[in-house]
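Trainee: I am new to this model. Can you take me through it by asking how each label is earned?
Mentor: Gladly. Have a look at it before we start.

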Amino acid sequence: MADAPRKRTRTILGREDLYLFNEGTHNRLYAKLGAHPRTTSGVSGTNFAVWAPNAENVSVIGDFNNWQPGATALHHVGASGIWETFVPGIGRGARYKYRIESRHDGFRVDKADPFGFLQEVPPATASIVWDLDYPWNDRPWLEKRAAHNAFDAATSIYEMHMGSWRRNDGEPLGYRDVALPLAEYIRDMGFTHVELLPVMEHPFFGSWGYQTTGYFAPTSRFGTPQDFMYFIDVLHQHGIGVILDWVPSHFPGDAHGLHYFDGTHLFEHADPRQGFHPDWKSYIFNYGRNEVRSFLLSSALFWLEHYHIDGLRVDAVASMLYLDYSRKDGEWISNEFGGRENLAAISFLRQLNRDVYASFPDTQTMAEESTAWPMVSRPTYVGGLGFGMKWDMGWMHDTLDYMEHDPVHRSYHHGRLTFRGVYAFTENFVLPLSHDEVVHGKGSLIGKMPGDDWQRFANLRLLFGYMFTQPGKKLVFMGGEIGQWREWNHDDQLDWYLLGNERHAGVQHWVRDLNRFYRAERAAHELDFDPAGFQWLDADDAWNSVLSYVRRGRPVDDGGADEELLVICNFTPLVRRNYRVGVPTVGFWQELLNSDAKLYGGGGVGNLGGVESVPIPFHGRPHSLNLTLPPLGILVLKRERGAAA
């Protein structure tokens, strides 16, 4: 008689599921483990399944049985380590946890569901039975997503924290409330994608989501799974992609979470030299354990499948790659060859990217990787990690370091700007001005800029202009585009009132026009990852702290000359008159962008809309322009179509 209910409850998990799970290749576990409302043999209820191989007994507890341990027992599913049962009469909205009674040391604990689709609003920690039904309306976006996410597309990302973009009477807006205002703002500003700091459930709001406990649940602070789907749906209907920050590198030690799940170190390494992160006081996944790999692979694909997410930014990849990351001698264990590379993590990351691109080839994965690890964004079949793109942390650090110097000293640090030319096309880079640079006492972007107020605003406009004209995709954290003075505070909204000041409004207008320029001009984005799209005119004018370079698109029928853009950056507060740059063809070169235009809060120094070339060779080119460079300004020029002699 005891076998009958076990046979009935094993209808969700097939033999192939168990095999793939234990093999480490099951990437759709969310359809099998966790809580799934269903009807079986004409009886409605919920199927519960959880992995706890070292448990002596497992039961599901909740409102439906007065939270009594043992009242609703789960049963072994073969030798898989999975426990399962079907509970009649339980449906959507029921709160529950798993009571784990371990074989080890009498350990007893109540755990939230690792595969739960919804958790209680923190600080409560129970899981909630839920479904993922939603009537999507984003088919037009999905049909064109491949073009929006292509390497030759303009990709300009607005990074944001859901709880502090806008608030109502001090309270964060919910997924549904923020959806339309955000979509309209992003479309008006010209960004192509929104990247959300982690929205997966997390107990501590101050972790910004980077201490994740619910790898299959959007945080309930802002609404239900359907509310989050609505948020994504609205952005897609406005032509905006959505990227999620995803954290497979570590997780917190909260009692209801993954840590010490069944009385053993199930998800994390048992040895703290491999399983505990000294900086973040969190736990590191055991990437060599097959079932953990299946868990993480399933989490990644879950967001792409059920939430129509367009890309994943994988956090802290460097901490996964190196066994000695942030550790001193004697605090880490070498790999089997005596090296410091985490071979299991490398294998996992390659498998992650293979699985993502096999199932969703029109999405992108992006690595936050802060070292010189080779071929992060190169295919796995040539030895790469397989990511689509990589954040260029070196560019960010070098550029901000340069910009923080007083202009009188910048000539001595010119190499900070030009060094990127050595490696700019070794990866598919995203240029990030991210949240990490405006927290923990680092100040705001504009706060980093030297000089008085007009110099600070001019420097900030110059920084944005320089980023948008360098090869690579773009990322700006919220608040930077309005020149917010305060460091970002996750407990408060952005200082939108600043837009009543013309200088702040000017910065916003400048970023809006940069986005429109970046999307409109093929030469500004088409070859972001190809050295054919970039050429220095003069990288060595350190004395004047001036950089000049060319951006190009793919050649067209007329040779592509009309797709060449000239960029000249003056990193000093001096107006530089009679500054000569070489051009390939005779004609009128229109001033497309000038960061010192009065429209942006500048002084209006420029070239009256453009300059006619003269047949004076310069920079190895047959013609040249005689320009006036605005102070702390950037110019972008393009030959007018049909203007050649």
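**How the labels are earned**

Mentor: Start with Phe 231. In this predicted model, Phe 231 touches Met 162, Tyr 175, Val 178, Ala 179, Leu 182 and Leu 196, leaving aside residues up to four places away in sequence.

Trainee: Which residues touch the most other members of the largest nonpolar core?

Mentor: Tyr 158, Phe 231 and Phe 464 do, in a core of 169 residues. Helix α7, residues 290-306, gives the largest share of this core, nine residues. Another core lies apart from it, with 15 residues, among them Leu 537, Val 550, Leu 566 and Trp 589.

Trainee: Why is Phe 21 called buried?

Mentor: Its relative accessible area is 2%. Buried means under 20%. So Phe 21 is buried.

Trainee: Where is Phe 21 found, and what does Phe 21 touch?

Mentor: Phe 21 sits in helix α2, residues 15-23. Its contacts include His 26, Leu 29, Trp 51, Ile 82 and Asn 290. Phe 21 and Asn 290 are 269 residues apart along the chain, yet their C-alpha atoms are separated by 7.2 Å.

Trainee: How do you know that the span of helix α10 agrees with what it should be?

Mentor: Count the residues in α10, 393-404: twelve. The expected span uses one less than that number, at 1.5 Å each. That gives 16 Å, and the end C-alpha atoms are 17 Å apart, so the two agree.

Trainee: What happens at the start of α10?

Mentor: A side-chain oxygen of Asp 392 comes within 3.4 Å of the backbone nitrogen of Gly 394. The cut-off for a polar contact is 3.5 Å, so the pair counts.

Trainee: What do the buried residues of α10 pack against?

Mentor: They pack against β20 (389-391), α11 (415-418), β21 (429-433), α12 (445-448) and α13. Among these buried residues are Trp 395, Leu 400 and Tyr 402.

Trainee: What makes β23 and β28 edge strands?

Mentor: Each pairs on one side only. β23 covers 534-538 and β28 covers 610-612. The open sheet has six strands, in the order β23-β24-β25-β30-β27-β28, and the pairing is antiparallel. Its neighbouring strands are turned by 25° against each other on average, direction ignored.

Trainee: How do you know that β24 and β25 pair?

Mentor: Pairing needs at least two bridges. Strands β24 (residues 546-551) and β25 (residues 565-570) have six, so they pair, in the antiparallel sense. Tyr 549 stands opposite Val 567 in β25.

Trainee: Which helices pack on this sheet?

Mentor: Helix α13, residues 453-469, touches β24, β25 and β30 (633-639). Its direction makes about 40° with that of β30. Helix α14, residues 502-520, touches β25, β27 (588-594) and β30. The direction of α14 makes about 135° with that of β27.

Trainee: What is the order of strands in the open sheet of four?

Mentor: The order is β1-β2-β5-β4, with antiparallel pairing. The edge strands are β1 (34-40) and β4 (75-76), since each pairs on one side only.

Trainee: How many bridges join β1 to β2?

Mentor: Seven, and β2 covers residues 43-51. Two are needed, so β1 and β2 pair. Ala 35 has Phe 48 in β2 as its bridge partner. The hairpin of β1 and β2 has two residues between the strands, and Ser 41 takes a positive phi near 55° there.

Methods. Residues numbered from 1 in each chain as written. Predicted model: local features only at pLDDT ≥ 70, side-chain atom pairs only at ≥ 80, totals over all residues. Heavy atoms only, no water. Core = buried A, V, L, I, M, F, W, Y, C linked by side-chain atoms within 4.5 Å. Buried < 20%, exposed > 50% of the residue type's maximum accessible area, 1.4 Å probe, protein only. Contact = heavy atoms within 4.5 Å. Axes fitted to C-alpha atoms, helices over the stretch in contact; angles between N-to-C directions. Polar contact = N/O pair within 3.5 Å; in protein donor to acceptor, adjacent residues only side chain to side chain.
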